[in-house]
Amino acid sequence: MRGLRKGVLGVALAAVVVTGAGGSAGAAGAVAGTEADLSHHGHVSLWDRRVGVWLVSENHGPSDVSQATVRLAFSVPMAGGLELPPACLWSSDRVVSCRTGTLRAVGGAGELALDLRTAGFPDEMTVEVTTAWRDGVADRNPRNDRHRVLVLATGDPYVF
């Protein structure tokens with residue numbers, strides 16, 4: 001057992017050395033010097049089994065991002081058979097993934113609007129917004145592209 005623990009510890013330490021102790025997970029495949037700062041902001045509303053998501057994805061630079069994917073994960077299942085915008089697809093009954101399109105450095109923006117229905121009548125839900133893929137470009141400031149939003153079924157916009 002002790003040998004197994006030493007082996008696992010050795011693999012874990014090797015992974016830290018290879019990826020860097022302070023590096024972000026998305027930076028591992030990035031081309032040296034290629035860096036962007038993606039952010040997602042908007043608001044979510046929940047009312048009468050409907051969920052509205054309005055999202056703006058931006059790149060604060062310094063490099064262009066030819067394509068990125070934003071992932072929206074809902075804590076409750078969505079009703080099936082709903083049409084999504086052409087840039088989006090269902091990953092599961094609780095997850096939608098959408099392409100942002102090209103995000104130019106220092107100000108490139110992409111907009112997204114979703115009108116979804118829940119499978120039941122929740123009083124509240126959480127929505128997690130994250131960058132799932134950024135075409136190999138490093139983002140050393142991931143705090144502005146990861147959000148967890150608690151949304152009450154009031155119809156009010158909950159801003160992130």
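## A polar contact at Asn144

The side chains of Asn144 and Asp37 make a polar contact of 3.3 Å. This comes from a predicted model. Asn144 lies in a loop. That loop runs between β7 (124–133) and β8 (146–152).

Is Asn144 buried or exposed? Its relative accessible area is 15%. Asn144 counts as buried because that value falls under the 20% cut-off.

Which residues touch Asn144, once neighbours within four places in sequence are set aside? The list is Asp37, Leu38, Ser39, His40, His41 and His60. Asp37 is therefore a contact of Asn144 as well as its polar partner, and the burial of Asn144 is given by its 15% relative accessible area. Strand β1 covers residues 38–47, and the contacts of Asn144 include Leu38, Ser39, His40 and His41.

## The sheet with β1

Strand β1 belongs to an open sheet of 4 strands. The order is β6-β2-β1-β9, and the pairing is antiparallel. β6 (108–117) and β9 (158–159) are the edge strands. Each of them pairs on one side only.

How many bridges join β1 and β9? The two strands pair over 2 bridges, in the antiparallel sense. At one bridge, His43 is partnered by Val159 of β9.

## The sheet with β7 and β8

The strands that flank the Asn144 loop, β7 and β8, sit in another open sheet. This one has 5 strands in the order β4-β5-β3-β7-β8. Its pairing is antiparallel. β4 (88–92) and β8 stand at the edges. Each has a single partner strand, so one side of each is left without a neighbour in the sheet. From one strand to the next, the twist averages 20°.

Inside this sheet, β3 (residues 69–74) pairs with β7. The pairing is antiparallel and spans 6 bridges. Thr69 has Trp133 of β7 as its bridge partner.

## The chain as a whole

The protein chain has 1 helix and 9 strands. Along the sequence, the pattern is α-β-β-β-β-β-β-β-β-β.

Buried residues account for 38% of the 160 residues. Asn144 is one of the buried residues. The accessible surface of the chain comes to about 9000 Å². Carbon and sulfur atoms hold 56% of that surface.

How do contacts spread along the sequence? Take those between residues at least 6 apart: 73% of them join residues at least 24 apart.

Key. Residues numbered from 1 in each chain as written. Predicted model: local features only at pLDDT ≥ 70, side-chain atom pairs only at ≥ 80, totals over all residues. Heavy atoms only, no water. Buried < 20%, exposed > 50% of the residue type's maximum accessible area, 1.4 Å probe, protein only. Polar contact = N/O pair within 3.5 Å; in protein donor to acceptor, adjacent residues only side chain to side chain. Contact = heavy atoms within 4.5 Å. Pairing = 2+ DSSP bridges. Areas by Shrake-Rupley, 256 points an atom, 1.4 Å probe, with all protein chains shown as cover. Axes fitted to C-alpha atoms, helices over the stretch in contact; angles between N-to-C directions.
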